[in-house]
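Biologist: I should like to learn how to read the contacts between chains and between helices in a model of this kind. May we take the features in turn?

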2 protein chains.
Amino acid sequence: MGATKTEHFTNRQNQIAILAKALGHPARVAIIEYLMGVDTCICGDIVNVLPLAQPTVSQHLKELKNAGLIKGNVEGNAICYCIDETALEILQGYFAIVSTSLEKKKNNCC
Amino acid sequence: MGATKTEHFTNRQNQIAILAKALGHPARVAIIEYLMGVDTCICGDIVNVLPLAQPTVSQHLKELKNAGLIKGNVEGNAICYCIDETALEILQGYFAIVSTSLEKKKNNCC
DNA sequence: TTTTTATATTGCAATATTACGATAAACTTT
DNA sequence: AAAGTTTATCGTAATATTGCAATATAAAAA
């Protein structure tokens with residue numbers, strides 16, 4: 001065994017887990033933060049920014065793309081990677097709901 | 001190889017990654033949501049709520065505790081697990097900042 | 001004290017992740 | 001066309017995760 005039993009959980013739970021898992025590595029958090037920091041999205045220099053080899057960075061980018069956190073367009077010789085705002089809005093919305101839900105039951109807990 | 005190079009990233013990036021990774025499994029998302037739903041935190045029935053064997057649930061709870069997302073107190077025969085609001089506020093704050101940061105540069109991207 | 005009940009730990013197998021060298025693919029430039 | 005540049009994929013090794021049966025631990029109940 002060792003395979004996640006996704007079928008037993010709700011779509012929302014699986015979706016949040018996929019997005020969270022994609023951000024579950026500091027390199028991928030760093031990539032998202034870097035993409036947020038640059039103005040344009042013609043950003044073919046992500047490899048130089050990270051302390052990892054080029055294949056490793058490429059793999060992390062692939063995982064972020066698979067999870068839906070970034071979009072990638074071929075732009076001549078360089079690849080244009082951009083943040084997919086939708087995914088981050090989903091996470092933002094989720095944790096906003098969680099936070100307000102927790103505020104309502106302040107001090108009900110140990 | 002195969003070990004995450006945490007030392008090359010900022011404390012903040014590592015912290016977000018740890019929290020996100022802990023939520024990177026639907027069972028753990030489900031646990032957090034369940035703990036949010038109950039009023040008191042004398043909740044010794046998490047095992048029955050999840051479609052997983054008892055040792056598996058115990059392991060997921062351990063990971064959530066290690067990441068700082070939940071707190072656990074021994075409460076007689078049952079363990080009292082509670083959400084650690086601090087951790088979820090960190091996530092909420094992080095994604096709020098990310099979201100507002102993205103709004104400022106609307107349509108600058110592909 | 002013995003039994004019951006509830007959670008934790010151990011041990012193991014299957015699978016996934018992480019990282020990078022080597023290589024391939026694709027577009028630019030000369 | 002040939003050389004250079006950039007990103008993707010392949011192959012592989014080390015490590016981590018996932019899941020559960022078996023077992024251990026600990027407190028409550030009998």
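Biologist: How many salt bridges does the rule find across the interface of chain A and chain B?

Modeller: One looks for a side-chain nitrogen of Lys or Arg within 4 Å of a carboxyl oxygen of Asp or Glu. In this model, which is predicted, the rule finds zero salt bridges across the interface of chain A and chain B. Four residue pairs are found there in polar contact, both residues being at pLDDT 80 or more.

Biologist: Which elements of chain A give two or more residues to the side that touches chain B?

Modeller: They are α1 (11-22), α2, β1 (70-75), β2 (78-83) and α5 (85-104) of chain A. Helix α5(A) gives the largest share, twelve residues. By class, this side of chain A has 27 nonpolar, 13 polar and nine charged residues.

Biologist: How many residues of each chain are in contact, and what area is buried between them?

Modeller: In chain A, 49 residues are in contact with 49 residues of chain B. About 4,300 Å² is buried between the two chains, and carbon and sulfur atoms give 66% of that area.

Biologist: How should the packing of α5(A) with helix α2 of chain B be read?

Modeller: One begins with the angle between the axes, and angles under 35 degrees count as roughly parallel. Here α5(A) and α2(B) (residues 26-37) pack at about 30°, with their axes 10 Å apart. The two helices are therefore roughly parallel to each other. On the α5(A) side the contact is made by A:Tyr94, A:Val98, A:Ser101 and A:Leu102, and on the α2(B) side by B:Val29, B:Glu33 and B:Met36. These residues divide into five nonpolar, one polar and one charged.

Biologist: Within chain A, at what angle do the axes of α2 and α4 cross?

Modeller: The axes of α2(A) (residues 26-37) and α4(A) (residues 54-67) come within 10 Å and cross at roughly 75°. The helices are therefore roughly perpendicular to each other. Residues A:Ala27, A:Arg28, A:Ile31 and A:Ile32 of α2(A) meet A:His60, A:Leu61, A:Glu63 and A:Leu64 of α4(A) in this contact. By class, the contact has five nonpolar, one polar and two charged residues.

Biologist: Which side chains meet in a salt bridge, and which parts does the pair tie together?

Modeller: The side chains of A:Arg28 and A:Glu63 meet in a salt bridge, at 2.9 Å from N to O. Since A:Arg28 lies in α2 of chain A and A:Glu63 in α4 of chain A, the pair ties together parts that are 35 residues apart in sequence. Over all chains, the structure holds two salt bridges.

Key:
Residues numbered from 1 in each chain as written. Chains lettered and ligands numbered in written order. Predicted model: local features only at pLDDT ≥ 70, side-chain atom pairs only at ≥ 80, totals over all residues. Heavy atoms only, no water. Axes fitted to C-alpha atoms, helices over the stretch in contact; angles between N-to-C directions. Helix = DSSP H or I, 4+ residues; strand = E, 2+ residues; numbered from the N terminus. Parallel < 35°, antiparallel > 145°, perpendicular 65-115°, else oblique. Contact = heavy atoms within 4.5 Å. Nonpolar A, V, L, I, M, F, W, Y, C, P; charged D, E, K, R; others polar. Buried area = accessible area lost by both parts, 1.4 Å probe. Polar contact = N/O pair within 3.5 Å; in protein donor to acceptor, adjacent residues only side chain to side chain.
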